[in-house]
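Work through these exercises with the model open beside you. Each task is followed by a solution in steps.

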Amino acid sequence: MKIRTLNRAGIVTLATAGMCLASASADVTVTFDVGDVWDGGYTGSISIDNEGPVAIQGWELEFANGPVIGDLWNGDWSQSNGQTFISNLGWNGSIPPGGSIELGYGGNGAFSADVSNAFLNGESVSIVRPGTR
């Protein structure tokens, strides 16, 4: 099962916790995917693809609802009151044009496809679910 979020934006900047996250002329796709599933959990991935002509320098993905993450690799994360925040680590903060990064996670319970209020670096992104294209 896949959920894709799309962003077709101009210059995006966000100051957070003393650092500036920036992307210029960003065309970004965020894809949620589910791998193995078992009783009480599953493995999942989130890909952030930079389809624009300029590198994304620092990133933070935020969304409401969606998967409940038990463990995450390739990013720092927190969840509170149904809101998830994921930001880059030191080594994967730059996403070059045509490049992507992939986050992996262990999900708790069943995968929830109801991701809403999604933002990348403070810029709202559209959510496209399977069968809605």
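**Exercise 1. Neighbours of I86**

Task: in this predicted model, list the residues that I86 touches, leaving out those up to four places away in sequence.

Solution.
- Step 1. Start with the nonpolar partners of the list, among them I46, W59, L61, F63, I69, L72, W77 and L103.
- Step 2. Add E60, G75 and D76, which I86 also touches.
- Step 3. Place I86 in its setting. The largest nonpolar core has 22 residues, and I86 is one of five that touch the most other members. The others are I46, I48, W59 and F63.
- Step 4. Recall the general rule: in soluble globular proteins, nonpolar side chains tend to be buried together.

**Exercise 2. Suppliers of the core**

Task: which strands each supply at least two residues of the largest nonpolar core, and which strand gives the most?

Solution.
- Step 1. Recall the core itself, a set of 22 residues.
- Step 2. Its suppliers of at least two residues each are β4 (27-38), β5, β7 (60-64), β8 (69-73), β12 (100-108) and β13.
- Step 3. β4 gives the most, with four residues.

**Exercise 3. A five-stranded sheet**

Task: what is the strand order in the open sheet of five strands, and how do the strands pair?

Solution.
- Step 1. Read the order as β9-β10-β7-β13-β14, with antiparallel pairing.
- Step 2. Find the edges. β9 (76-80) and β14 (123-124) have a single partner strand each, so one side of each lacks a neighbour in the sheet.
- Step 3. Check the first edge. β9 pairs with β10 (residues 83-87) over five bridges, in the antiparallel sense. D76 stands opposite S87 in β10.
- Step 4. Look at the connection. β9 and β10 form a hairpin with two residues between them, and N81 in the turn has a positive phi of about 50 degrees.
- Step 5. Check the other edge. Two bridges join β13 (residues 116-120) to β14, and the strands run antiparallel. Here F119 stands opposite S124.

**Exercise 4. The β4-β5 hairpin**

Task: how many bridges hold the pairing of β4 and β5, and which turn residue has a positive phi?

Solution.
- Step 1. Count the bridges: nine, in the antiparallel sense.
- Step 2. Take one example. D33 has S45 in β5 as its bridge partner.
- Step 3. Go to the turn. Two residues lie between the strands of this hairpin, and G40 in the turn has a positive phi of about 95 degrees.

**Exercise 5. Rings around Y42**

Task: which residues form one aromatic cluster with Y42?

Solution.
- Step 1. Fix the terms. A pair of aromatic rings is described by the distance of the centres and the angle of the planes.
- Step 2. Search the whole structure. Three aromatic pairs turn up.
- Step 3. Take Y42 and Y105. Their centres are 5.9 Å apart, with 85 degrees between the planes, and the pair is edge-to-face. It links strand β5 to strand β12, with Y42 and Y105 63 residues apart. Both Y42 and Y105 are buried.
- Step 4. Take Y42 and F111. The centres are 5.8 Å apart and the planes stand at 90 degrees, so this pair is edge-to-face. F111 sits in the loop between β12 and β13, 69 residues from Y42. Both Y42 and F111 are buried.
- Step 5. Combine. Y42, Y105 and F111 form one aromatic cluster.

**Exercise 6. Two aspartates**

Task: with which side chains do those of D49 and D114 make polar contacts?

Solution.
- Step 1. Locate D49. The residue is in strand β5 (residues 41-50).
- Step 2. Its side chain makes a polar contact with the side chain of S100 at 3.4 Å.
- Step 3. Widen to touching residues, not counting those up to four places away in sequence: D27, V28, T29, T31, G99 and S100.
- Step 4. Locate D114. The residue is in the loop between β12 and β13.
- Step 5. Its side chain makes a polar contact with that of S112 at 2.3 Å.
- Step 6. Grade its exposure. D114 has 37% relative accessibility, so it counts as partly exposed.
- Step 7. Look across the chain. D114 and A64 are 50 residues apart in sequence, yet 8.3 Å apart in space, C-alpha to C-alpha.

Technical notes:
Residues numbered from 1 in each chain as written. Predicted model: local features only at pLDDT ≥ 70, side-chain atom pairs only at ≥ 80, totals over all residues. Heavy atoms only, no water. Pairing = 2+ DSSP bridges. Polar contact = N/O pair within 3.5 Å; in protein donor to acceptor, adjacent residues only side chain to side chain. Contact = heavy atoms within 4.5 Å. Core = buried A, V, L, I, M, F, W, Y, C linked by side-chain atoms within 4.5 Å. Buried < 20%, exposed > 50% of the residue type's maximum accessible area, 1.4 Å probe, protein only. Phe/Tyr/Trp six-rings, centres within 6.5 Å; stacked < 30°, edge-to-face > 60°.
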